[in-house]
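Open the model in your viewer and keep the sequence panel beside it. The stops below say what to select and what is there.

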Amino acid sequence: MKTIEEIKYDLLGIEGDVQEIEEQILESFEDYEFEGEAEIIISKDESTEYDYQIYANHINAPIIGIKIENNMIVDSTIL
């Protein structure tokens, strides 16, 4: 099973339009779960410097914030 740290690095450099990026993000999380929860949420982030937040659907799950520039993920940080 992948760790959240491994996924954070896997996300860097993903390219495409919004739909393609979302699909590739979900592929990166295929072998991840947090306390038994494998459903992954991708939400637009308007409260921080990141474009999107990604996390397992669990109240205590770690959150990854990503920045997208020129249709590519250029930053991926555990918030």
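Begin by selecting aspartate 51, which lies in the loop between S1 and S2. This is a predicted model, so the positions you see are computed ones. Aspartate 51 has a relative accessibility of 24% and therefore counts as partly exposed; the buried class would need a value under 20%. Now add isoleucine 66 to the selection: the two residues are 15 positions apart in sequence, while their C-alpha atoms are 5.9 Å apart in space. Which residues does aspartate 51 touch, once neighbours within four places in sequence are left aside? The contacts are Ser43, Lys44, Asp45, Ile66, Lys67 and Ile68.

**The whole chain**

Zoom out and colour by secondary structure. The protein has 2 helices and 4 strands, and along the sequence they follow the pattern α-α-β-β-β-β. The radius of gyration is 12 Å, close to the 12 Å that the globule rule gives for 79 residues, so the protein is as compact as a globular protein of that length. Turn the view along the principal axes, and the C-alpha atoms fill a box of roughly 35 × 25 × 20 Å.

Switch on the surface. About 4800 Å² is exposed, and carbon and sulfur atoms supply 43% of that area. Of the 79 residues, 32% count as buried. Among contacts with a separation of 6 or more, 41% are between residues 24 or more positions apart.

**Helix H1**

Select residues 4-11, which make up helix H1. Which residues of this helix are buried? They are Ile4, Ile7, Lys8 and Leu11. Looking down the axis of H1, you find these buried residues within an arc of 105°, so they line one face of the helix. Show the surroundings of that set: the buried residues of H1 pack against helix H2 (18-28), strand S2 (52-56), strand S3 (63-69) and strand S4 (72-78).

Stay in H1 and pick out lysine 8, which belongs to this helix. Is lysine 8 buried or exposed? Its relative accessible area is 14%, so lysine 8 is buried, the limit being under 20%. Apart from neighbours within four places in sequence, lysine 8 is in contact with Ile64, Ser76, Thr77 and Ile78.

Move on along the chain to glycine 13, just after H1. Here phi is positive, at about 90°.

**An aromatic pair**

Display the aromatic side chains. The count of aromatic pairs comes to 1. Phenylalanine 29 and tyrosine 32 form this pair, in an edge-to-face arrangement with 5.6 Å from centre to centre and 80° between the planes. Phenylalanine 29 has 2% relative accessibility and so counts as buried. Tyrosine 32 is buried too, with a relative accessible area of 7%.

**Two positive phi values outside glycine**

Next, select glutamate 35 in the loop between H2 and strand S1 (40-44). Its phi is near 45°, a positive value in a residue other than glycine. Glutamate 35 has a relative accessible area of 61%, so this residue is exposed.

Then jump to asparagine 71, in the loop between S3 and S4. What is the phi of asparagine 71? The angle is positive, about 60°, although asparagine 71 is not a glycine.

**Strand S1**

Go back to strand S1 and select isoleucine 42. With a relative accessible area of 23%, isoleucine 42 is partly exposed. Add serine 28 to the selection: 14 residues separate the two in sequence, and the distance from C-alpha to C-alpha is 12 Å. Leaving aside neighbours within four places in sequence, isoleucine 42 is in contact with Glu22, Ile25, Leu26, Tyr52, Gln53 and Ile54.

**Lysines over rings**

For the last stop, show the side chains of two lysines and two tyrosines. Lysine 44 lies over the face of tyrosine 52, at 5.0 Å from the ring centre. Lysine 44 also appeared at the start of the tour, among the contacts of aspartate 51. At the other site, the charged end of lysine 67 sits over the ring of tyrosine 50, 5.5 Å from its centre. Lysine 67 is likewise one of the residues in contact with aspartate 51, where the tour began.

Methods
Residues are numbered from 1 along each chain as its sequence is written. This is a predicted model: local features need pLDDT of at least 70, side-chain atom pairs count only at pLDDT 80 or more; totals for chains, interfaces and linings use all residues. Side-chain values use heavy atoms; hydrogens and water are left out. Buried means under 20% relative accessible area, exposed over 50%, partly exposed in between (1.4 Å probe, protein chains only). The arc is that of the directions from the helix axis to the C-beta atoms. Contact means heavy atoms within 4.5 Å. Rings of Phe, Tyr and Trp (its six-membered ring) pair if their centres lie within 6.5 Å; planes under 30 degrees apart count as stacked, over 60 as edge-to-face and the rest as tilted. A charge sits over a ring if NZ of Lys or CZ of Arg is within 6 Å of the ring centre and within 35 degrees of the ring normal. The radius of gyration is taken over C-alpha atoms; the globule rule is 2.2 Å times the number of residues to the power 0.38. Accessible areas come from the Shrake-Rupley method with a 1.4 Å probe; for residues, only the protein chains shown count as cover.
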